[in-house]
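Visitor: I'd like a close look at a single part of this model: the place where the two chains meet. Could you walk me through it?

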Amino acid sequence: MDIDRRIQDIKDRLAYIRDIFGGKEDEHIRLLTAKLGEVLARDAATPGGVQAEEMSRLEDLFAFSERKLDTQLTPMDRVRIVRHPQRICLKDILENVYDNYTEIGGRGEFNIDPSMLIARAYFARRVGERIVNQMVMVIGQEKGHGEAFRNGGSVKPWGNAKALHYMKVAETENIPIHTFVFTPGAYPVEDWPGAAQQIARNLYEMAALRVPLVAVFSEGGSGGAEAVSLADRRIMLSHGYYSVISPEGAAAIEGGLRGASRATPELIEKCARQLRITALDNLENGYVDRVLQEPPLGARPTHFDFFRDLRRELIQATNEAVSEVKPMKLFRAMAVRSSVGDAEAVFMRWSLSGSAQNRLVDLRQRKFRAMSRHACLDGTGLIKRMAASARGTVWAANSFLRYDLLGRQKKRLDAMLEDLGAEAHIVRRKLLMPLKRVMDSILPVANVEQQKKGDEVRDRLTRLSCPEDGACLVGSEWAWISPRSQEDRTVSCPQVRTHHCPDLWVPDLYGDFAGVCPSCGHHFPMEYPWYLHNVFDYDRAREFNQRLESINPLGYEQFEAKLDQAKARTGLKSACITFETVINGVAAVVAVLCAPFRGGSVGAAEGEKFIRAAERAGRKRQPFIAYVHGTAGIRIQEGVNGVIQMPRCTIAVRRYIDRGGLYLVLYDTNSYAGPVASFLGCSPYQFAVHSSNIGFAGPGVIAETTGMAVSPDYHSAYHALSRGHIHGVWDRREVRKNLHQALLTMGGRNLYYR
Amino acid sequence: MLNIKELLDTVKASPYREIVINAPHTGVVEFAGLKKGDRVHGRFGEYKEKPGTLLAHLTREKNKKPLHAPEKGEVGMVRSELEGQFVEAGEPLVTIRHFLTRQEVIELVLQKALYLFRAPERAKYYFVPEVDQKLKVSGKRSVKVREGMELMIVSRMKRETPLSYSGPEGIIYSVYFGRGDNVDEGEPLIGVCPEDQLSVIQDVVARIQSEWEEE
């Protein structure tokens with residue numbers, strides 16, 4: 001009986017090895033197959049004792065070969081390990097790592113989103129004679145191996161919303177959060193709350209969540225991974241992967257494939273290698289703090305030793321995160337640092353005091369700020385850099401004096417005077433009104449004058465805006481006109497079928513009409529300099545960090561040449577332009593993502609520039625505007641160096657907003673994926689230009705991953721508006737006016753510059 | 001009374017519709033290399049977002065615009081003598097023979113043969129409970145309608161008003177709206193068939209169903 005079970009076990013192991021190596025012929029696999037065949041053939045004839053001996057030999061051989069094969073794993077093999085149905089999943093971890101747990105808000109498919117699993121769990125710890133239960137909130141994706149309703153760990157937007165909700169609960173209860181990343185990527189639907197927008201919200205909240213966060217990565221696919229992984233400690237399983245895109249997706253983009261055609265296995269293998277997705281790569285780049293070694297060929301639910309290691313690692317990581325910020329730790333801090341092998345020996349209470357929480361958030365933010373420095377090139381000279389940092393200090397000091405030290409007192413005084421004035425007004429009115437009434441009846445002349453004055457005041461109070469005062473430029477007054485307007489030809493509006501627009505003469509369209517169809521209002525795509533000059537007054541603006549340059553940090557094949565090409569064609573060093581400008585008298589810092597540079601994709605240089613712009617706006621106490629001429633998402637050729645910009649930039653924005661800044665986002669043409677799902681989508685004020693598209697994944701990707709076609713206008717600005725993802729749609733010709741209006745009305749009292 | 005047989009005969013005599021593609025505006029024509037007898041298809045895709053077969057390009061003011069086939073069919077005639085020439089708006093360029101599908105023929109016959117009771121305004125329509133019950137239990141053909149009979153409920157913005165049938169007496173043959181759908185003004189709600197013609201129409205539809213080849 002026992003022998004049968006052992007044979008079955010060996011057969012399973014062989015099948016697993018075959019799956020992992022994806023049909024590659026290897027001498028070890030051949031040998032194992034042959035040996036197993038031999039034992040099976042002899043099986044019936046041999047007596048029990050000999051059989052058992054043979055089985056032990058075979059098992060030893062398997063263990064040896066597995067260790068051997070483990071050293072030959074390619075990145076794509078690791079991807080196959082992670083996706084294998086026998087891979088450990090979150091349910092296994094909950095069963096084996098924690099001492100007790102209760103799943104919250106879900107039971108099989110009766111669940112808001114079965115692919116997101118939430119549980120309250122505890123570790124039972126022994127401290128001296130006492131047993132202490134240490135509570136944690138466990139949040140993670142559940143792949144559910146074969147349970148179709150779990151969607152393979154692809155979390156729908158409402159699943160991420162659920163995760164956020166329970167993060168807030170954990171914050172209220174002051175218990176640490178353990179998140180587990182088991183996802184190939186988020187599920188791309190735009191229905192409320194929207195895939196991109198919800199991930200952005202999660203990142204924004206996690207950026208300042210006041211409890212320790214520990215994230216464990218097994219399968220980390222871009223946006224889906226980021227939704228739960230902005231953590232104080234990031235542990236990665238040694239056979240996992242963490243990547244900007246699946247190797248298949250990268251191969252499809254590299255090969256320029258469309259529709260039904262598939263990339264070759266070699267190309268996929270190559271992309272997996274180039275993207276640097278393994279645990280060691282990520283450790284080397286500094287995107288995870290520690291790698292937890294798994295058993296050979298990956299952890300499976302029967303590897304109980306591994307669960308013990310994971311338990312130790314989780315306790316250790318949480319202890320570390322807590323001990324860094326705890327006021328009273330004495331010898332324990334030292335013990336924590338040196339107790340990697342024996343984490344359970346050190347006991348630390350995981351609830352934090354208010355000041356410790358502040359330190360925790362600050363440390364987390366600084367940790368992410370320091371990442372990916374190596375992945376871009378700062379060509380600014382040493383002297384200039386020193387001058388810039390000195391200037392920064394001066395601005396910060398100046399702002400502190402003006403707005404914090406004196407400004408706060410002044411504000412308080414103003415508020416007091418305002419209140420006093422209002423009180424006095426009431427008293428005066430009560431006293432003088434009867435007298436005035438008598439006077440009015442005696443002296444009718446004064447009455448007429450009073451009436452006139454009253455009308456004026458009323459007029460001032462009730463008139464909100466004056467659209468007739470140069471609201472919209474007309475004729476040839478544009479400061480910058482597209483060079484396309486030089487061509488003598490006509491174009492047809494794409495909406496001609498529904499709106500019957502007449503054909504447009506190109507010089508009119510791009511010259512006078514600013515690329516807007518006068519008949520239906522369709523916006524033809526416009527070059528970004530149009531906005532720079534006509535909206536942001538670029539000629540008088542002061543650009544900064546011009547010399548920050550995109551590079552090829554992973555040595556991705558042919559990417560250097562492509563970058564050089566983009567640099568030569570656009571004259572830019574990265575897809576991001578940052579400058580200071582004045583919009584109708586309001587000084588502001590602007591960051592522009594321009595589509596002509598590699599599709600406006602965001603890499604390390606763009607992220608760094610964006611963060612510096614946000615910091616500058618904070619230091620100078622100015623509003624911060626992000627104008628997105630277009631973005632295709634995260635630059636895949638930079639791998640995780642690109643993805644990490646999602647949390648980094650979101651943290652920068654969060655810091656800026658928390659310090660009282662006003663952050664506005666304006667989308668133009670097409671904006672998709674990572675940036676929308678992080679630092680753009682988290683803005684409380686997002687606007688779009690007519691005819692722009694905003695979303696998480698393009699229609700092609702949605703069709704590919706979910707198998708359902710979406711309507712052609714699924715991502716249009718008006719749909720985004722009706723889903724509540726953006727907060728207004730603007731005409732291109734009125735962007736300057738509307739921006740000014742927004743700065744005045746949304747700035748209000750929490751804006752520094754007021 | 002309508003002669004259904006005659007109608008069907010005329011359809012059978014020419015089982016297609018001739019679609020003439022005229023030049024929508026002036027311009028220089030450049031045909032896409034189709035010849036007589038080629039098959040073309042119309043717009044397709046779940047949202048009809050993909051255009052039909054390219055027929056020709058028309059260039060005006062350096063603005064090259066494609067002309068696509070509006071429906072599935074066979075190219076009847078191509079004015080290839082116009083290739084590369086300037087044409088006026090309205091000039092016929094290509095004709096397409098669109099073979100009527102089974103559904104289209106049935107629709108054609110029914111629209112001619114039935115009396116269509118149309119929606120007086122844009123709203124949701126429901127049958128009155130008695131009729132609804134009857135329709136559900138015994139099927140469409142079981143309900144007889146006559147002038148002035150209270151037949152439907154018009155539901156719009158929390159207001160529900162009864163609607164009486166007006167038209168010739170007959171049997172409900174087809175229902176053109178679904179429960180809870182908004183029906184535009186002037187769209188047909190039901191098709192009513194005089195009782196004596198019911199068997200004839202049923203016969204014709206069955207015959208078309210079995211005989212008509214074009215899907």
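Guide: Sure. Between them, chain B and chain A bury about 880 Å², with 42% of it on carbon and sulfur atoms; buried area here is the accessible area (1.4 Å probe) that two parts lose on being put together, summed over both. On the chain B side, B:Tyr47, B:Lys62 and B:Asn63 lose the most area to chain A, and together they make up 48% of what that side buries.

A word on the ground rules. This is a predicted model, where local features need pLDDT of at least 70 and side-chain atom pairs count only at pLDDT 80 or more, while totals for chains, interfaces and linings use all residues. Residues are numbered from 1 along each chain as its sequence is written, chains are lettered from A in the order in which they are written, and side-chain values use heavy atoms, with hydrogens and water left out.

Back to the interface: 9 residues from chain B and 11 residues from chain A take part in the contact (heavy atoms within 4.5 Å). The rule finds 2 salt bridges across it, a salt bridge being a side-chain nitrogen of Lys or Arg within 4 Å of a carboxyl oxygen of Asp or Glu. In one salt bridge, B:Lys65 meets A:Asp503 through their side chains, at 3.3 Å from N to O. As for class, the side of chain B that touches chain A has 7 charged residues, 1 polar and 1 nonpolar (Asp, Glu, Lys and Arg count as charged; Ala, Val, Leu, Ile, Met, Phe, Trp, Tyr, Cys and Pro as nonpolar; the others, Gly among them, as polar).
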